[in-house]
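The following exercises concern an interface, a pocket and a salt bridge. Each task is followed by a worked solution.

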Amino acid sequence: MRRIGVLLLACASLACDGGKPASQSPLAPGAPGETPVAGDDMSPAPRLAVTLLWPTAGATGLVPRGAEIFATSSPVDRAKQVLGLLLGPPPERGLVAPLPEGTRVEVVFIDASGTATVSFSREMVDKAPGGSAWEIAAVNAVVGSLTRSVPKIKRVRILVSGQQVDTLTGHLDLRQPLILDERSLAP
Amino acid sequence: MAARGGLKRGPLAAALVTAACLLLPKPSPARVADYVVERGGRSVELPTRTIGRRDMVDLEEAARFFGLKLTRDRKRLELVGDPGRITLTVGRAAVLVDGETVVLQGEVDLDDGRPFVPVDFLSRAVPRLFDETARLDARARVVTFEQTVRAATCEEFDDRVRVTIAVPSMPRTSEVEPKGHERRLVLDGVELPAQEGGCTFGDILTDLTVEPLKGRTQLTFFVGDRFSALRVLEVETEKKIVFDFLSETAPAPAPQEAEAPSRPSDGFDLVVIDAGHGGDDRGAVGAKGLEEKTVTLAIAQELARKLRDRGIEAILTRSSDATLGLVDRTEIANRARADLFISIHANASPVQPAFGAETYFLSLEATDAQSRTLAAFESDATGLRSTGQGGGNLELVLWDMAQQQYLEESSHLAEAVQKELNVLAGTRDRGVKQANFLVLRGAAMPAVLVEVGFLSNPSEEKAMGTAEFRQASADAIARAVLAFQARRQMRSGAP
């Protein structure tokens with residue numbers, strides 16, 4: 001079982017960002033408490049195409065980019081993988097990381113109605129550049145990437161350090177679970 | 001009882017008792033433990049004597065503590081100060097507090113030439129002067145003053161009278177069938193202090209009473225000829241219930257619809273300008289250290305000056321480096337019944353290239369129907385509820401979504417602002433945008449948020465530090481406000 005975990009971790013790093021180190025994906029499958037389902041010990045784990053939303057460097061909005069995660073059966077695990085990719089480096093030049101450096105995902109859970117609750121670490125606020133453009137991009141990158149990649153997730157509630165917050169840096173209303181605001185997408 | 005028994009023995013006995021009293025020397029004052037007076041966080045020990053088994057306190061010391069000037073004209077003593085005047089007479093128990101008589105437990109007396117008053121002077125006469133209450137604890141020898149708790153406070157506007165009732169916890173509110181000019185509501189679960197009147201009444205609301213009953217409170221409002229509708233808003237977050245008595249000229253609440261406070265006038269003369277962030281919240285910070293809160297305050301102040309020069313009154317949500325909540329900012333605009341709400345911000349991006357100005361108005365796209373339903377339930381439990389008179393049913397209202405009915409006007413204002421900002425040299429048209437901004441949600445008037453530029457962009461940060469940029473931005477927004485004003489006046493047919 002341990003061998004499978006190590007193998008999956010290695011695969012995760014390949015799947016997340018084309019062979020870059022696994023450290024860029026802080027929440028790879030195999031994290032404590034999450035055991036992804038693998039098929040055959042010797043064959044690569046099945047993968048799943050997902051869509052991540054990345055802000056453009058010119059702050060013109062979010063653009064969708066495809067990526068792959070492991071096709072684990074747990075929607076929570078898939079959500080963690082998606083967020084792990086968002087916390088990594090952007091897939092190409094001209095796109096930027098939506099979330100502040102050092103931000104960690106603390107908790108993810110999904111209720112029966114399809115509301116995912118994601119708690120980020122304090123860095124989400126403390127290291128945020130601020131500004132409406134950043135906040136809109138950060139929130140919608142999280143919300144849009146999760147709702148587009150994990151079918152069970154219909155809406156997302158963002159918490160910081162387990163606490164509900166009114167806003168991240170004084171702009172977007174986070175008091176309710178959110179769906180992707182299509183207006184945040186780049187034209 | 002002994003005295004009463006003695007009197008029953010006949011006129012002779014009574015005469016003997018009286019004679020004995022007259023012949024006996026007056027009991028000499030004895031120094032006893034001082035009374036302590038506590039008021040407004042201050043306290044004082046008042047020299048106390050016992051005269052004829054009655055605790056008497058030093059009037060001069062008391063006057064000094066209460067900030068009153070004591071004057072003496074033979075037997076007549078007067079305490080005078082801002083709140084009013086108390087007149088006492090040596091040898092008499094009756095004192096006048098602003099013309100009203102209060103009878104004390106004993107007479108005002110002198111000890112070695114200094115006036116002393118019965119201790120209940122402190123708990124019965126002085127509080128009337130200050131419109132406060134005081135508790136006398138004879139055992140602990142303490143008199144404690146407290147602010148008078150008025151259940152209802154009133155504000156009068158042209159088109160409505162607003163009565164605000166502070167409650168310790170949110171009661172269940174029910175309305176009794178209106179009877180003539182009487183509107184009666186019962187607040188179950190709270191007992192509020194009794195009150196009669198206490199407001200300046202006119203022809204919308206003529207009187208009110210607050211009557212505590214067992215476990216509940218009955219409110220009775222007497223409405224006048226100009227009264228047309230009653231709107232009740234329960235503000236759980238602030239533990240208060242707001243009763244708006246609307247006149248015929250005020251817009252009546254639409255039954256069964258979410259309804260928000262609105263400004264009835266078609267006039268256009270007041271803009272609330274919100275300088276984004278402030279105090280502990282620096283907002284975005286440029287590479288050179290320029291803080292968003294400084295830029296927004298400077299532009300907001302400049303904009304206020306420019307609008308006032310053009311005959312439009314402007315209120316700033318903050319005029320200094322103060323910390324202010326987002327909801328509080330909108331609340332200032334709502335309370336002032338402003339015609340416009342403009343929130344000034346400076347933008348930021350994780351990387352440098354982004355530049356230009358953006359103008360936002362509210363979008364509710366980011367919340368789906370289920371979220372809104374959830375919000376309604378959560379609001380019911382923790383936020384704002386409204387009860388309307390229509391049908392007598394409690395009607396759920398989200399003030400939080402007050403901006404919804406102004407979205408079209410807000411979009412026109414945003415376009416006008418963005419158009420003017422685009423004219424500024426060096427800015428790029430990033431266009432009018434919509435977002436689910438908390439500071440805009442509760443605004444009961446057209447409202448926009450202006451991002452004047454990117455602090456994360458070095459050249460824009462440099463510009464934002466200059467008076468020229470701030471004046472130009474303020475000028476552009478002021479021109480947009482005037483254009484919006486002209487548009488509205490043209491549509492309403494106003495001159």
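**Exercise 1.** Identify the side chains that meet in a salt bridge between A:Asp173 and its partner, and place the pair in the interface.

*Solution.* A:Asp173 pairs with B:Arg441, with N to O at 3.3 Å; a salt bridge requires a side-chain nitrogen of Lys or Arg within 4 Å of a carboxyl oxygen of Asp or Glu. Across the interface of chain B and chain A, the rule finds one salt bridge. The model is predicted: local features need pLDDT of at least 70 and side-chain atom pairs pLDDT 80 or more, whereas totals for chains, interfaces and linings use all residues. Residues are numbered from 1 along each chain as its sequence is written, chains are lettered from A in the order written, and side-chain values use heavy atoms, without hydrogens and water.

**Exercise 2.** Describe the extent of the interface of chain B and chain A.

*Solution.* Step one: 41 residues of chain B contact 30 residues of chain A, contact being heavy atoms within 4.5 Å. Step two: the two chains bury about 2,700 Å², 52% of it on carbon and sulfur atoms; buried area is the accessible area (1.4 Å probe) lost on being put together, summed over both parts.

**Exercise 3.** How much space lies in the second largest pocket, and which lining residues are closest to its centre?

*Solution.* The volume is about 560 Å³, being the space filled by probe spheres set on grid points joined across faces, edges and corners. A pocket is an open set of points on a 1 Å grid over the protein atoms alone where a 1.4 Å probe fits, with protein on both sides within 12 Å along at least five of seven lines; lining residues have an atom within 4 Å of a point. Of the 29 lining residues, the closest to the centre are A:Leu168, A:Thr169, A:Gly170, B:His277 and B:Asp281.

**Exercise 4.** Which parts does the salt bridge of B:Glu132 and B:Arg39 tie together?

*Solution.* The closest N and O atoms of B:Glu132 and B:Arg39 are 3.0 Å apart. B:Glu132 lies in strand S13 and B:Arg39 in strand S2 of chain B, so the pair ties together parts 93 residues apart in sequence; strands are DSSP runs (E, at least two residues), numbered from the N terminus. Over all chains, the rule counts 32 salt bridges.

Key: Helix = DSSP H or I, 4+ residues; strand = E, 2+ residues; numbered from the N terminus.
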